[in-house]
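Hi everyone, thanks for coming. Please have a look at the picture with me, and I'll talk you through a couple of places in it.

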Number of protein chains: 2
Amino acid sequence: MTKEIPNALLGDVARAAGVSTASVSRVLNGAPHVSQRLRERVEAAIDKLGYVPDGAARALASRRIGAIGVLVPTLDNPVFSAWIDSLEQRLKHHDCRLLIATYRYDLDDEFAALRTLIQQGVDGVVLLGHDHREESIDLLQRRRLPFLTCWHNVNDPDCPCVGFDNALPARQLVEHLLTLGHRRLAVISAPTRTNDRARARLNSFLKTAEQAGYPISPGNIITVEYGIAEGAEAFEELMTRPQPPTAILCGNDTLAFGVMLAAQRSNKKIPEDVSITGYDNLPQSPFMNPPLTTVAVPAQALGDLVADAIIARINGNPSPHHQQLEAPLVIRRSTGPSTSG
Amino acid sequence: MTKEIPNALLGDVARAAGVSTASVSRVLNGAPHVSQRLRERVEAAIDKLGYVPDGAARALASRRIGAIGVLVPTLDNPVFSAWIDSLEQRLKHHDCRLLIATYRYDLDDEFAALRTLIQQGVDGVVLLGHDHREESIDLLQRRRLPFLTCWHNVNDPDCPCVGFDNALPARQLVEHLLTLGHRRLAVISAPTRTNDRARARLNSFLKTAEQAGYPISPGNIITVEYGIAEGAEAFEELMTRPQPPTAILCGNDTLAFGVMLAAQRSNKKIPEDVSITGYDNLPQSPFMNPPLTTVAVPAQALGDLVADAIIARINGNPSPHHQQLEAPLVIRRSTGPSTSG
DNA sequence: TTGTATGCGTTATCAG
DNA sequence: CTGATAACGCATACAA
């Protein structure tokens with residue numbers, strides 16, 4: 001038999017404790033200047049009645065909901081779920097929850113999801129990357145809602161940012177390969193249209209190679225969706241070239257996994273026949289055979305930093321407009337000297 | 001210069017359109033019996049003022065927030081993020097959003113997160129698995145909040161459930177290995193204390209082997225945390241046994257990946273030297289070398305089904321108390337005949 | 001089909 | 001330190 005008592009309200013608690021609703025509210029919110037006796041009486045009543053405050057009413061009256069919203073392209077990528085994870089944990093320390101929305105790299109969807117979050121009354125918003133609809137930033141500014149962008153390092157006066165340089169490690173990867181004697185490079189990139197991070201990486205690959213005097217031929221630049229299968233297919237396509245590349249730069253580790261697995265399958269030796277690089281440093285990367293040379297994206301540190309920064313903004317504390325983390329190269333054994341004539 | 005106009009309210013829209021607040025509300029909620037002319041006037045005013053309804057106020061007045069909450073152990077496991085993804089997409093079709101909370105397999109945290117979700121006023125709740133604190137189910141029942149459990153198939157009168165049988169495919173895996181002539185099996189399991197799915201799989205492995213007359217020796221039963229590295233370490237430990245197993249059953253695909261990579265690293269042939277099985281069928285599994293024999297957990301179908309079921313419950317429509325999906329074996333080349341003397 | 005008036009459960013501003 | 005009471009912004013009976 002379930003009890004037929006309707007859910008207890010704040011007023012019920014007040015009555016049971018013989019105090020005013022204001023006092024109950026004070027106890028609930030840990031306000032100062034409440035006598036020990038009163039607090040105990042109220043807490044007893046709360047326990048006795050199994051009272052749970054109503055978030056909607058509280059949000060309406062106080063104009064905050066104790067949660068921030070994050071807009072992430074997808075949870076499918078482990079590097080994002082790891083980031084979200086640390087973001088959420090760190091926010092918890094600030095007594096703040098996290099509302100997650102995904103938009104599958106569709107910026108119209110991102111805008112729609114942003115409206116939804118604002119409607120929910122989030123106290124702040126975190127956006128990923130620098131590619132957004134103008135309306136999104138407009139909306140945030142007009143509402144004077146604390147927000148932050150991350151995962152990039154564009155110094156845009158309109159967009160506070162906590163991120164890292166996507167281009168620099170990409171350049172270093174190319175330099176690493178050139179040093180090893182590779183001259184025929186290829187790139188497998190994620191779609192770049194609505195993804196400034198992928199774009200920055202790709203452009204940096206291409207520019208560095210070109211400036212070194214070994215431009216990457218258009219036939220060796222492949223764009224595919226995110227996924228193992230996609231990486232594997234791209235590898236097979238590259239191997240049909242009259243002069244296959246001796247080194248392949250992948251826009252992320254997952255594509256690189258696909259490439260490595262396809263290479264093994266077709267009995268190509270890594271790195272003797274072909275060197276391979278990734279970007280992310282997923283937990284799996286050091287365990288590949290051979291271990292994958294890649295870029296250690298600071299996903300977890302970024303989560304902590306973003307959490308602290310958005311909380312600071314919400315509380316009106318000063319927070320740098322532009323913060324940058326390191327994304328160091330991790331050179332492992334998937335890259336080696338070129339052995340081609 | 002940002003405009004200093006405070007955010008427009010519903011009343012402002014009404015005034016601008018020359019109608020009552022009730023009419024604006026009707027347009028907003030797509031209520032029937034609104035004339036075309038009025039609707040257009042209101043929509044124009046909304047656009048002009050950039051009006052965004054206040055979710056808190058709306059929730060308070062209507063007693064629903066248009067969102068359900070889901071409690072998931074972690075987003076770290078791709079099989080969960082894929083599930084969440086399809087759940088969210090399908091809910092969107094029902095005009096329902098998803099609030100995600102994680103609890104890292106800590107049932108006290110799960111309870112705390114549940115309270116938070118309820119406080120937020122979610123219209124329904126989805127729990128994963130059958131292991132929960134009694135208080136959690138109590139709370140849901142006392143609040144008469146529509147809820148659902150999933151990923152398991154325990155027929156508990158207290159817990160409506162949409163899931164699949166974790167034990168059956170586990171039994172089939174063991175039978176498959178026995179048929180191939182394997183007699184020395186090993187198991188690498190995820191922690192089972194707060195995870196009924198892992199427990200069901202493990203127990204089914206052990207029981208089936210024992211009943212067939214080839215019990216798995218205690219030294220060949222290893223429990224490790226989720227992760228590639230953990231799988232690799234467990235493999236190495238198993239290989240130190242005087243009589244190493246000829247086949248290894250892994251509680252999930254990620255552990256199996258770790259095992260396979262460690263096996264390759266130590267130059268063990270799969271399946272000639274050791275057969276390996278997983279559980280999940282991650283996107284990567286068919287691309288391993290060799291492709292991984294595993295169980296195809298219906299994550300995506302489960303997302304759709306769970307979405308439809310919880311929506312039905314919220315709307316008071318009949319919904320089966322117990323629904324089950326298939327989780328078929330996928331036999332690939334990581335398992336083969338035993339070649340041990 | 002449209003408008004009026006009340007209430008949703010808290011917080012916060014006052015007095016005391 | 002505590003209590004009364006007016007917001008908070010919208011939805012919804014009810015009336016017209």
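I'll start with one helix and then move to a DNA strand. Before that, please keep in mind that this is a predicted model.

So, helix α1 of chain A covers residues 10-17. Which of its residues are buried? They are A:V13, A:A14 and A:A17. If you look down the axis of α1(A), these buried residues fall within an arc of 100°, so they line one face of the helix. And what covers them? The cover includes two other helices of chain A, α2 (21-28) and α3 (36-49). Right after α1(A) comes A:G18, and its phi is positive, near 70°.

Now let's go to DNA strand D. There are 26 residues around this strand, and the ones that come nearest are A:S23, A:R26, A:S35, B:L10 and B:Y51. By class, this surface has 13 nonpolar, eight polar and five charged residues. Both chains take part: α2 and α4 of chain A, and α2 and α4 of chain B, each supply at least two residues of it.

Which part of the DNA does the protein meet? Of the strand D atoms within 4 Å of the protein, 66% belong to sugar or phosphate, and the rest belong to bases.

Let's zoom in on the phosphates, from the chain B side. The side chain of B:Y51 has an N or O atom 2.4 Å from a phosphate oxygen of strand D. For B:S25, a polar side-chain atom lies 2.9 Å from a phosphate oxygen of this strand, and for B:R58 the distance is 3.0 Å.

Key. Residues are numbered from 1 along each chain as its sequence is written. Chains are lettered from A and ligands numbered from 1 in the order in which they are written. This is a predicted model: local features need pLDDT of at least 70, side-chain atom pairs count only at pLDDT 80 or more; totals for chains, interfaces and linings use all residues. Side-chain values use heavy atoms; hydrogens and water are left out. Buried means under 20% relative accessible area, exposed over 50%, partly exposed in between (1.4 Å probe, protein chains only). Helices (H or I, at least four residues) and strands (E, at least two) are DSSP runs, numbered from the N terminus. The arc is that of the directions from the helix axis to the C-beta atoms. Contact means heavy atoms within 4.5 Å. A residue is near a molecule or strand if one of its heavy atoms lies within 4 Å of it. A polar contact is a pair of N or O atoms within 3.5 Å; within protein, one must be able to donate a hydrogen and the other to accept it, and residues adjacent in sequence count only if both atoms are side-chain atoms. Ala, Val, Leu, Ile, Met, Phe, Trp, Tyr, Cys and Pro count as nonpolar, Asp, Glu, Lys and Arg as charged, and the others, Gly among them, as polar.
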